[in-house]
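Q: Could you show me how to read a helix and its surroundings from atomic positions, and then how to judge the cysteines?

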Amino acid sequence: MGVDGILKNKRGRKRELKNVTKRQRLNPKIFKRLPAEIQKDTSLLKYWHSRYRLFKKYDQGIKLDSESWYSATPEVISRMIAKRCKCDLIIDGFCGAGSNSIQFALTSKKVIAIDIDPIKIELARNNAKVYGVSDRIEFIIGDYYALIPTLKADVVFLAPPWGGPNYSQKTTFNIDDIMPSYGGGKRLYELTHQITKNIAFFLPKNIEHKQCISLAGPGNLAEIESNYLNNRLNSKTLYYGDLITTNS
């Protein structure tokens, strides 16, 4: 075994021991009451401790899967974005467990929530019921990219996968690191522009600003809003078209 192999085994063992230690620290009675996906992967515990930041109504029946624990938008941020995106019809192209779609349904007349994963749609349906907004959301299981030619809306919200929680370890996040198998973030924006110019793009806190501004095209503007949670930079939302509220 080479040096690289030994180092990888050591790191893996350290992670395993760390997870065991976390499990031992928890009261066994509490551990048994944790969601199955967190019992299975204790690295998700830090997200469970922040569950009320993700969904204030968590205890009323909210359901998440492993990926949703680290990809759901904190409610205070999703609520702020929803106010900015208020309209008659909004599309949430990558709805996940519904954290953004739910807030859109509280500010807009109708929401189309799309996700390629049937499990995510099932979770989003459940969570929308918890918030009492199911009647304002149309859920679609499908590939957003394939559906684009059939879609119409006043606003499109894009919160595509960022490649897992390790995105924050990069000094700068490149726009084309987003769904590279589909052509990257630039292509996603360009295709979405076929639906509407009014686009809200939810991106990592370390996104490269110049790339985001260049998406708007020559002579057009883009607005970058920094989203803070507990006085810490959490993410950024890029606004295009009529969603822009400032000329600076």
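The turns below take up one helix and then the cysteines of this predicted model.

Q: How far apart are the end C-alpha atoms of helix H9, and what span should its 13 residues have?
A: The general idea is to compare an expected span with the distance in the model. At 1.5 Å a residue, the 13 residues of H9, residues 118-130, should span 18 Å, and the end C-alpha atoms are 19 Å apart, which agrees.

Q: Which residues of H9 are buried, and what covers them?
A: Burial is read residue by residue, and then one asks what lies over the buried positions. In H9 the buried residues are Lys 120, Ile 121, Leu 123, Ala 124, Asn 127, Ala 128 and Val 130, and their cover includes helices H6 (66-71) and H8 (99-107) together with strands S2 (110-115) and S3 (137-141).

Q: What caps the N-terminal end of H9, and what phi does Gly 132 take just after H9?
A: The ends of a helix are worth reading separately. The N-terminal end of H9 is capped by Asp 117, which places a side-chain oxygen 2.9 Å from the backbone nitrogen of Ile 119, whereas just after H9 Gly 132 adopts a positive phi of about 70 degrees.

Q: How many disulfides are counted, and why is there no bond for Cys 85?
A: The count is zero disulfides. The test is a sulfur-sulfur distance within 2.5 Å, and because the sulfur of Cys 85 is 7.2 Å from its closest cysteine sulfur, that of Cys 87, the two are too far for a bond.

Q: Are Cys 85 and Cys 87 buried or exposed?
A: Cys 85 is buried, with a relative accessible area of 0%, and Cys 87, at 13% relative accessibility, also counts as buried, since the cut-off for burial is under 20%.

Notes:
Residues numbered from 1 in each chain as written. Predicted model: local features only at pLDDT ≥ 70, side-chain atom pairs only at ≥ 80, totals over all residues. Heavy atoms only, no water. Helix = DSSP H or I, 4+ residues; strand = E, 2+ residues; numbered from the N terminus. Expected span 1.5 Å × (residues − 1). Buried < 20%, exposed > 50% of the residue type's maximum accessible area, 1.4 Å probe, protein only. Contact = heavy atoms within 4.5 Å. Polar contact = N/O pair within 3.5 Å; in protein donor to acceptor, adjacent residues only side chain to side chain.
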